[in-house]
Amino acid sequence: MRFYNNPVKEEWPEIMKRPGFDTYELRDKVQEILDHVKSEGDQAVMEFTQRFDGVKLSSTEVSKEEFNQAEKSCPQELKKAIQVAKNNIEAFHKVQFEEKKVMETMPGVKCWRKCSPIQKVGLYVPGGSAPLFSTVLMLAIPAQIAGCSEIVITTPPQKDGSIHHAVLYAAKLCGVTKVVKAGGVQAIAAMAYGTETVPGVYKIFGPGNQYVTMAKQLVSFENTAIDMPAGPSEVAVIADDQVPVSFVASDLLAQAEHGSDSQVLLITTSKKLSEEIEEELDRQLKKLPRAELASKALENSSTVYFDSMDEALRFSNEYAPEHLIISASNNVDLGDRITNAGSVFLGNYTPESAGDYASGTNHSLPTNGYARNYSGVSVDSFIKKITFQKISQEGLKNLGPIVEIMAEAEGLQAHKNAVSIRLEQLNSEG
């Protein structure tokens with residue numbers, strides 16, 4: 001990890017740079033795949049699956065038999081763990097649903113807002129280097145709570161053409177029966193445009209690599225909404241000299257093992273900690289099965305030292321990490337000062353991996369600095385909010401003249417007339 005000692009603010013943008021890529025070249029490649037799937041449907045999806053994943057499929061649909069077999073194959077201990085995680089995620093997300101509240105803005109003028117589910121949603125579940133069955137829970141549970149009537153999951157097949165048993169078990173547990181064997185750009189295209197077997201959806205959710213992120217952004221220029229432009233995973237850890245070195249190292253490595261393009265950042269007020277971290281990272285790294293991936297991620301990562309916690313917080317808020325861990329003696333107070341982060345983990349005993357799996361919060365979060373202007377996935381993400389108003393005769397008499405004045409000032413006579421005609425009738429009736 002690179003080390004920075006009290007960098008001045010002019011140096012911050014360079015330190016905060018995420019791993020980059022050629023956007024223009026990527027856009028062209030992705031657009032070509034999108035166009036092909038749009039015109040050729042399932043055939044194109046299977047062709048790209050064979051080309052990119054090395055899997056030849058005769059069908060992209062997961063059968064009932066495959067669901068049943070997955071349930072049998074999934075270890076009982078894992079089933080129990082998934083059920084506990086589901087319960088916690090469900091409990092946290094259920095309280096997010098907003099009840100209808102009717103208010104009277106002035107006598108006779110009633111307004112309210114109704115939550116209406118997005119009927120057709122597509123959930124992208126990555127599966128390239130690891131079967132992320134936890135993402136099924138994070139997306140399908142709030143979709144079900146919101147009341148989405150059609151939910152489809154796309155996820156890359158394994159080399160034998162199957163979907164990992166934990167992914168299918170989690171999907172079935174969440175009531176999702178439509179799972180498609182497709183990953184990458186072709187999966188996003190199938191959900192955006194629809195194919196012979198994949199229903200077109202109104203909004204697409206889920207994290208992915210640079211190709212998936214670009215595909216989501218491109219289809220969002222058409223008629224398909226997306227949750228957020230989420231890319232490679234990242235974490236920032238704010239730590240003082242009170243935190244065990246092994247805890248911090250384990251948190252950094254937990255994100256680094258996602259992939260070589262993941263980014264980890266240590267922001268600390270302790271030079272002693274920063275010196276000890278390198279040695280501890282090496283010690284823990286040697287024991288990890290995904291050590292090579294994690295090691296490459298660390299090459300793009302940094303330790304930033306500041307003399308004051310105030311400056312450390314300012315740096316973090318500017319960076320706007322996907323995950324932020326605050327390991328410091330006054331972590332709750334420091335957490336109150338955070339303005340930009342996807343999800344925050346407070347204290348030495350709140351590892352980020354708890355939120356990834358089972359604490360209850362959602363792990364689909366904004367990356368690449370988008371936490372400055374995006375929230376993570378929630379029940380709200382699966383809902384449209386429709387406003388209503390009902391005005392009584394008394395209400396129109398109170399509000400009408402205000403509207404007439406404003407419409408006339410804007411030069412919109414028909415707007416004024418829509419009110420005036422009604423008022424004239426009410427006045428003639430006495």
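## A walk through the predicted model

Start by selecting strands β4 (residues 120-124) and β5 (residues 150-155): they run parallel and are joined by 5 bridges. Keep in mind that you are looking at a predicted model. To see how the two strands line up, pick K120, which stands opposite E150 in β5.

Stay on β5 and colour by burial. This strand is mostly covered, with 5 of its 6 residues buried. Now add strand β6 (residues 178-181), which pairs with β5 in the parallel sense over 4 bridges. Here V152 is the residue to click, as it sits opposite K178 in β6. To get from β5 to β6, follow the chain through helix α7 (residues 165-173); this β-α-β crossover is right-handed.

**Zoom out for a moment**

Show the whole chain. You should find 17 helices and 14 strands, with the C-alpha atoms filling a box of roughly 90 × 60 × 45 Å along the principal axes. Of the 430 residues, 48% are buried. Among contacts with a separation of 6 or more, 74% are between residues 24 or more positions apart. Switch on the surface and you have about 20,900 Å² exposed, 50% of it supplied by carbon and sulfur atoms.

**Salt bridges**

There are 18 salt bridges in the whole structure. Go back to K178 and select E61 too: their side chains meet in one of these, at 2.8 Å from N to O. E61 belongs to the loop between α3 (42-53) and α4 (64-73) while K178 is in strand β6, so this pair ties together parts 117 residues apart in sequence. Both ends are partly exposed: E61 has 36% relative accessibility, and K178 has 22%.

Next, select E276 and K272, another salt-bridged pair at 2.8 Å, N to O. These two share helix α11 (residues 271-285) and lie 4 residues apart, about one turn of the helix. K272 is exposed, at 55% relative accessible area, whereas E276 is partly exposed at 29%.

Then try E98 with R113, where the closest N and O atoms are 3.2 Å apart. E98 is in the loop between α5 and β2 (103-106), and R113, 15 residues away, is in strand β3 (residues 109-117).

**Into the buried parts**

Select K86, in helix α5 (residues 76-94). Is this lysine buried or exposed? K86 is buried, because its relative accessible area is 11%, and the cut-off for buried is under 20%. Beyond its neighbours within four places in sequence, K86 is in contact with L137, I141, L173 and C174.

For another buried spot, pick T303 in strand β11. Its relative accessibility is 3%. Show what T303 touches further along the sequence, more than four places away: M1, R2, F3, Y4, L266, T268 and S274.

Now bring up helix α13 (residues 309-319), whose buried residues are M309, A312, L313, F315, S316, N317 and Y319. Add the elements they pack against: α1 (12-16), β9 (234-239), β10 (263-268), β11 (302-305), β12 (323-327) and α14 (331-335). Just past the end of α13, click A320 and check its backbone: phi is positive, about 55 degrees.

**Last stop: the surface**

Finish with V332, found in helix α14. Select V344 and L346 along with V332, and you have a nonpolar surface patch of about 200 Å².

Conventions. Residues numbered from 1 in each chain as written. Predicted model: local features only at pLDDT ≥ 70, side-chain atom pairs only at ≥ 80, totals over all residues. Heavy atoms only, no water. Buried < 20%, exposed > 50% of the residue type's maximum accessible area, 1.4 Å probe, protein only. Contact = heavy atoms within 4.5 Å. Pairing = 2+ DSSP bridges. Right-handed = clockwise from strand over helix to strand, strands pointing away. Patch = residues over 30% accessible without salt bridge, like charges linked within 9 Å, V, L, I, M, F, W, Y side chains within 5 Å. Areas by Shrake-Rupley, 256 points an atom, 1.4 Å probe, with all protein chains shown as cover. Salt bridge = Lys/Arg side-chain N within 4 Å of Asp/Glu carboxyl O.
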